[in-house]
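Got your viewer open? Let's take a walk through this protein, one selection at a time.

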Amino acid sequence: MWITQKESRRMDLPLIEVSCAVIMDGDLVLATQRSERMPHPLKWEFPGGKLLPGETPEATIIREIREEIGVEISVIQLLPSVKHIYSDAAIKLIPFVCFIRLGKIHLSEHRTYRWVHRSELEELDWLEADVEVLALLKKYS
């Protein structure tokens with residue numbers, strides 16, 4: 001297999017570990033839309049963020065959801081990690097299935113949110129790495 005110069009440069013990108021929350025309420029899943037000011041503007045995603053040094057993925061997702069959405073969550077299950085290479089970064093996305101245990105949604109960074117039925121998730125314009133999480137979610141019951 002031949003590797004092009006462009007692919008070689010992309011392989012040199014540092015791997016950024018990011019936790020995301022697949023927040024469920026029955027068959028509904030929380031989707032958040034990135035704001036116009038964020039990278040990949042107006043794309044839909046599962047909310048989350050980068051791991052801080054020494055922080056576990058589970059601690060990260062609890063902290064990030066508290067900061068970004070203003071609610072407390074409980075983690076139900078860890079899904080398999082997804083690796084995705086964007087033009088400027090390589091991401092290891094660590095998804096957790098969660099539910100809201102306390103609070104009402106108040107967005108601090110995102111443009112909007114929606115509760116979407118599992119059967120309609122693919123209708124949104126998702127970030128590429130999150131599309132791979134959608135495939136994993138189909139296997140989750």
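Start by colouring the predicted model by pLDDT: the mean over the protein is 90, and 91% of its residues reach 70 or more. Now select residues 1-9, where pLDDT stays under 50. The model has 3 contacts beyond four places in sequence for this stretch. Where pLDDT is low, don't read the predicted coordinates in detail.

Next, pick helix α2, residues 57-69. Try checking its length: at 1.5 Å a residue, its 13 residues should span 18 Å, and the end C-alpha atoms are 17 Å apart, so the two agree. Just after α2 comes Gly-70, which has a positive phi, near 80°.

Stay with α2 and show its side chains. Which of its residues are buried? They are Thr-60, Ile-61, Arg-63, Glu-64, Ile-65, Glu-68 and Ile-69. In an α-helix, residues three or four places apart point the same way, because there are 3.6 residues a turn. Add strands β1 (15-25), β2 (28-33), β4 (48-50), β5 (72-78) and β7 (90-102) to see what the buried residues of α2 pack against.

Now for the largest nonpolar core, which has 26 residues. Select Phe-46, Leu-93 and Trp-126, the ones that touch the most other members. β1, β2, β7 and α3 (128-139) each supply at least two residues of this core, and the largest share, 5 residues, comes from α3.

Zoom in on Leu-93. Beyond its neighbours within four places in sequence, Leu-93 contacts Val-18, Cys-20, Ser-81, Val-82, Ala-129, Asp-130 and Val-133.

Last stop: apart from that core lies another, of 13 residues, including Leu-30, Ile-61, Ile-65 and Ile-105. You've met Ile-61 and Ile-65 already, among the buried residues of α2.

Methods
Residues are numbered from 1 along each chain as its sequence is written. Side-chain values use heavy atoms; hydrogens and water are left out. Helices (H or I, at least four residues) and strands (E, at least two) are DSSP runs, numbered from the N terminus. The expected span of a helix is 1.5 Å times one less than its number of residues. Buried means under 20% relative accessible area, exposed over 50%, partly exposed in between (1.4 Å probe, protein chains only). Contact means heavy atoms within 4.5 Å. pLDDT is the predictor's confidence in each residue, from 0 to 100. A nonpolar core is a set of buried Ala, Val, Leu, Ile, Met, Phe, Trp, Tyr and Cys residues joined through side-chain atoms within 4.5 Å.
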